[in-house]
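Reader: I would like to learn how the words used for a structure follow from its numbers. Could we go through some of them, one at a time?

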Amino acid sequence: MTRTAARATERNPLPAAPPLPLAAPPATPRAVSIALRETSPAPPSPGHPGSPATAAPAALLRLLALALALLLPACGPDAPGARLAPLPAGAVVLAFGNSLTHGTGAGGHDPQPGLSYPEALARETGLAVLRSGVPGETTDRGLARLPAVLAQTRPALVLLEHGGNDFLRGLPEAATEQNLAAMVRACREAGAQVLLLGAPRPGLRLTLHPVYQRVADATGAPLDGELLPALLADASLKSDPLHPNAQGYAQMAQGVAATLRKFGALQ
């Protein structure tokens with residue numbers, strides 16, 4: 001370097017390198033999806049050296065997978081979104097289903113028949129509960145019958161207990177799932193909320209049939225998947241292998257009332 005250049009450098013020093021940016025705090029699950037849309041790099045020009053065309057999509061896919069994993073737990077039927085609006089005074093509740101809604105077995109060997117669960121629920125809560133249960137009915141027939149019942153009763157809430165006969169007859173699960181989901185949609189189109197009452201899978205150990213969880217996930221309808229499997233597993237609460245007795249229906253009504261309180265329909 002000449003003396004002239006050195007003096008020029010002293011008078012006009014080179015600019016200092018800019019400081020490195022601080023790392024941003026981790027984004028919330030909602031912010032992650034927004035950030036992905038806002039910061040996605042533009043496609044590199046053809047032949048650009050060091051193009052991130054291979055690395056960037058893989059990184060974005062990993063971030064998307066993380067965002068979905070964080071968001072999905074909040075979408076299940078027991079999440080805050082799967083709630084029921086409080087029932088107004090004088091609201092009509094429709095209990096729609098098969099023999100368990102009809103009350104088959106409530107009389108047992110007693111000449112004075114016991115109450116079906118809708119009748120017991122009306123006494124338990126003071127609600128106006130209408131019963132529409134057809135023994136032996138399958139979901140395809142229930143789906144065909146439902147629109148006329150909705151038009152006649154105009155309920156604020158439907159207690160949907162259906163599907164058990166499909167399982168006993170070995171009907172295709174996919175058809176049962178579609179029919180149940182269609183019933184939920186029909187109720188909502190008629191202005192009614194829906195509570196699903198899940199039936200057990202037939203077998204020695206009674207557990208909730210997985211069809212109901214899939215319907216609840218697909219529709220967002222609240223689901224009580226514990227009541228019927230537990231009740232029908234207790235021989236002391238049954239009048240025959242398939243139906244509760246009067247005490248069983250009373251407990252079913254108490255369980256439904258507790259579920260309505262859990263999901264916010266009753267105070």
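Reader: Why is R154 called exposed?

Author: This is a predicted model, and in it R154 has a relative accessibility of 70%. Exposed means over 50%, so R154 counts as exposed. Its place is in the loop between α6 and β3.

Reader: What is the sign of phi in R154?

Author: Phi of R154 is near 50°, which is a positive value, and the residue is not a glycine.

Reader: What makes C187 buried?

Author: The relative accessible area of C187 is 0%. The cut-off for buried is under 20%, so C187 is buried. This cysteine is found in helix α8, residues 173-189.

Reader: Which residues is C187 in contact with, leaving aside its neighbours within four places in sequence?

Author: They are L146, L150, V158, A192 and V194. L146 is 41 residues from C187 in sequence, and their C-alpha atoms are 8.3 Å apart in space.

Reader: L266 has an accessibility above zero; why does L266 count as buried?

Author: Its relative accessibility is 14%. Buried requires a value under 20%, not zero, so L266 counts as buried. L266 lies in the segment after α11. Apart from neighbours within four places in sequence, L266 is in contact with L87, T125, L127, A257, L260 and R261. One of these, L127, is 139 residues away along the chain, with a C-alpha separation of 9.8 Å.

Reader: How many residues does the protein chain have, and what share of them is buried?

Author: Buried residues make up 38% of the 267 residues. As for contacts with a separation of 6 or more in the protein chain, 74% of them join residues 24 or more positions apart.

Reader: How many helices and strands are there?

Author: The protein chain has 11 helices and five strands.

Reader: What is the order of the strands in the open sheet?

Author: The order of the five strands is β2-β1-β3-β4-β5, and the pairing is parallel.

Reader: Why are β2 and β5 called edge strands?

Author: Strand β2 (128-133) and strand β5 (223-224) each pair on one side only.

Reader: How do you know that β1 and β2 pair?

Author: Pairing needs at least two bridges. Strand β1, residues 92-97, has six bridges with β2, so the two strands pair, in the parallel sense. In one of these bridges A95 has R131 in β2 as its partner. Helix α6 (residues 139-153) packs on the sheet and touches β1, β2 and β3 (157-161).

Reader: What makes the direction of α6 roughly antiparallel to that of β1?

Author: The two directions make an angle of about 165°. Angles over 145 degrees count as roughly antiparallel, so the term applies to α6 and β1.

Reader: Why is α5 called oblique to α11?

Author: Helix α5 (residues 117-125) and helix α11 (residues 246-262) pack at about 55°, with axes 8 Å apart. Roughly parallel needs an angle under 35 degrees, and roughly perpendicular begins at 65. The angle fits neither range, so α5 is oblique to α11. Their crossing is right-handed.

Reader: Which residues of α5 meet α11?

Author: Y117, A120, L121, E124 and T125 do, and they meet Y249, A250, M252, A253, Q254, V256 and A257 in α11. By class, this contact has nine nonpolar, two polar and one charged residues.

Definitions and conventions: Residues numbered from 1 in each chain as written. Predicted model: local features only at pLDDT ≥ 70, side-chain atom pairs only at ≥ 80, totals over all residues. Heavy atoms only, no water. Axes fitted to C-alpha atoms, helices over the stretch in contact; angles between N-to-C directions. Helix = DSSP H or I, 4+ residues; strand = E, 2+ residues; numbered from the N terminus. Parallel < 35°, antiparallel > 145°, perpendicular 65-115°, else oblique. Left-handed = near helix turned anticlockwise from the far one by under 90°. Contact = heavy atoms within 4.5 Å. Nonpolar A, V, L, I, M, F, W, Y, C, P; charged D, E, K, R; others polar. Buried < 20%, exposed > 50% of the residue type's maximum accessible area, 1.4 Å probe, protein only.
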